[in-house]
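Q: Please take a close look at the aromatic pairs of this structure and describe the setting in which they are found.

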Amino acid sequence: MVTDPVLTQSDSQTEATPAHLPGDGHMWVMVLGDLVIFGGYFVVFMIYRSMYPDEFLRAQQHLDITVGVLNTVVLLTSSWLVARAVLAARAGRHASAIRLTYAGGIGGLMFMACKGYEWVVKIGAGHTNSEMFYSFYYVLTGVHLIHVLIGLIVLGVIVRELGNPSRRRASVVEAGAVYWHMVDLLWVIIFGLLYVVR
């Protein structure tokens, strides 16, 4: 039986380079811990929502779903740009990876500006944490906003790594991207719970 040398070589290369989890284990532990904590808060929110459905629905009517969708699109685009930055860094295109990371960070800043605008409008209209729904709203979006701010610092670390030829550790770039994607995932869930689910 004749074996195809190209196929054999390809198979050996696949075995030689096993798939790995992006980033490092510490970042994944932190991300999973964050998801568990947020998950607990999501459960508490749903319990209270089921106890006071009319009150929650009335308060929810005052949220601007257009702003929520805009924020979601901005953060999803930012996450996509950071994913492209990781691919560029792996390919050795460091200047491109830096530009993409900056663009992802600009998306994060735009998200924060939109959320700040929304808070100002809501507080100006008298929707404060004295209402149960808005108590959850401000805590969930506020804690998430802190995560976005931390994520922007993480993106800054990625830019520093990529800009220094003596460093450029792929694990740092990947770990930062993992954190940024977690921030994105959390927002998608928060958006669904606060703006969409009725």
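A: From the N terminus on, the elements of the chain run α-α-α-α-α-α-α; there are seven helices and zero strands (DSSP runs numbered from the N terminus, helices being H or I of at least four residues and strands E of at least two). The model is predicted, so local features need pLDDT of at least 70 and side-chain atom pairs pLDDT 80 or more, whereas totals for chains, interfaces and linings use all residues. Residues are numbered from 1 along each chain as its sequence is written, and side-chain values use heavy atoms, without hydrogens and water.

The whole structure holds 18 aromatic pairs (ring centres of Phe, Tyr or Trp, the latter by its six-membered ring, within 6.5 Å; planes under 30 degrees apart are stacked, over 60 edge-to-face, the rest tilted). One of them joins Phe56 and Phe136 in a tilted arrangement, with 6.0 Å from centre to centre and 50 degrees between the planes. Because Phe56 belongs to helix H3 and Phe136 to helix H6, this pair ties together parts that are 80 residues apart in sequence. Both Phe56 and Phe136 are buried (under 20% relative accessible area; exposed is over 50%, partly exposed in between, with a 1.4 Å probe and protein chains only).

Ring pairs also link Phe56 and Phe136 into a cluster with Tyr41, Phe45, Tyr48, Tyr52, Trp119, Phe133, Tyr134, Tyr137 and Tyr138. Two members of this cluster, Phe133 and Tyr137, are, together with Leu194, the residues that touch the most other members of the largest nonpolar core, which has 49 residues (buried Ala, Val, Leu, Ile, Met, Phe, Trp, Tyr and Cys joined through side-chain atoms within 4.5 Å). Helices H2 (25-51), H3 (53-60), H4 (65-90), H5 (94-124), H6 (132-163) and H7 (170-196) each give two or more residues to this core, and H7 supplies the largest share, 15 residues. Beyond its neighbours within four places in sequence, Tyr137 contacts Leu63, Lys115, Glu118, Trp119, Gly142, Leu194 and Tyr195 (heavy atoms within 4.5 Å).

Tyr48, another cluster member, lies in helix H2 and is partly exposed, at 34% relative accessible area. With Val43, Val44, Ile47, Met51 and Tyr52, Tyr48 forms a nonpolar surface patch of about 510 Å² accessible area together (residues over 30% relative accessible area without a salt bridge, nonpolar Val, Leu, Ile, Met, Phe, Trp and Tyr side chains being joined within 5 Å and like charges within 9 Å; a salt bridge sets a Lys or Arg side-chain nitrogen within 4 Å of an Asp or Glu carboxyl oxygen; areas by Shrake-Rupley, 1.4 Å probe, with only the protein chains shown as cover for residues).
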